[in-house]
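I opened my notebook to look up how this chain is put together. My entries follow below.

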Amino acid sequence: MSQIPPADSTPLEDTDPQTLTAMEAALAEARQGRDEGGIPIGSVLVKDGQIVARRHNRRVQQGDPVAHAEIDCLRNAGRLGSFQNTVLYSTLMPCYLCAGAIVQFGIPKVVVGEARSFPGAAELMLEHGVELIDLDLEEPAALMRDFMEREPALWAEDIGEAVEATPAARPESDTDQPQR
Ligand SMILES: [Zn+2]
C-alpha cells in the first residue's frame, strides 16, 4: 500500500511562484463557489507552467452530481491533446471520482490545499504513480469547516454519504381538486 506523504506546512506565500499563483486562483474559485451558495472547492489546471483552466464545484448551482471542481476544471480545459506537463491544483484532496479522472488522463502531479477536512482518494492516486503534494493550508480548511458546519447534509450528499431523505411532495388527492 502506498504511503501518504506527510503534509507540507510551508506557508503558501513561501511556495514556488507557480504553486502560489495556481493555489491562489483555486482559492478564489472556492470562495466564489461559497458566495454562490455552493461547495467551497476550487481547482486549477496548469500546463507547461501556464494556467489553462480553473473552476469550482458547481454541483448545487447546476444540480449536477458530477460537477466537482476538478471535473469541471478538466471540462473547462477542453482538449489539450495530452496531460503531459500538467499539474492539477485543488483546494481539497480529490475524491474517488476526481482521482479516477486524474489517473485515467495520466495527470502526473496533483497539489492540494488540504486533506484535513476530507481524506479523499490519496492512495488511489499514489498507487498509480501520481506525485501528490498536500500543502496543508489553513484557508481552504477553514472554508470547508464553515461549510460543513452550515450545510452538513449538502456535504454528505457531495461525498455520497447517506442523507435523511426529503419526503417527496405528494400529489393532491382527487377530492381536493376544486369543483368545476
Ligand atoms: Zn471530486
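**The sheet**

I looked up the sheet and noted that five strands (DSSP runs of E, at least two residues, numbered from the N terminus) form an open sheet in the order 2-1-3-4-5, with mixed pairing; two strands pair if DSSP finds at least two bridges between them. At the edges I found strand 2 (50–56) and strand 5 (131–134), each of which pairs on one side only.

I kept in mind that this is a predicted model, in which local features need pLDDT of at least 70, side-chain atom pairs count only at pLDDT 80 or more, and totals for chains, interfaces and linings use all residues. Residues are numbered from 1 along each chain as its sequence is written.

Next I followed strand 1 (residues 42–47), which runs antiparallel to strand 3 (residues 86–90) and is joined to it by five bridges; Leu45, for instance, has Leu88 in strand 3 as its bridge partner.

**The helices**

I then turned to helix 3 (residues 69–77), which packs with helix 4 (residues 96–105) at an angle of about 35°, their axes 8 Å apart. Helices here are DSSP runs of H or I with at least four residues, and axes are lines fitted to C-alpha atoms, for helices over the stretch in contact, with angles from 0 to 180 degrees between N-to-C directions. Glu70, Ile71 and Leu74 of helix 3 make the contact with Leu97, Cys98 and Ala101 of helix 4, where contact means C-beta atoms, placed from the backbone, within 7 Å.

I also noted that helix 3 lies across strand 1, strand 2 and strand 3, running at about 135° to strand 2.

Key
Contact = placed C-beta atoms within 7 Å.
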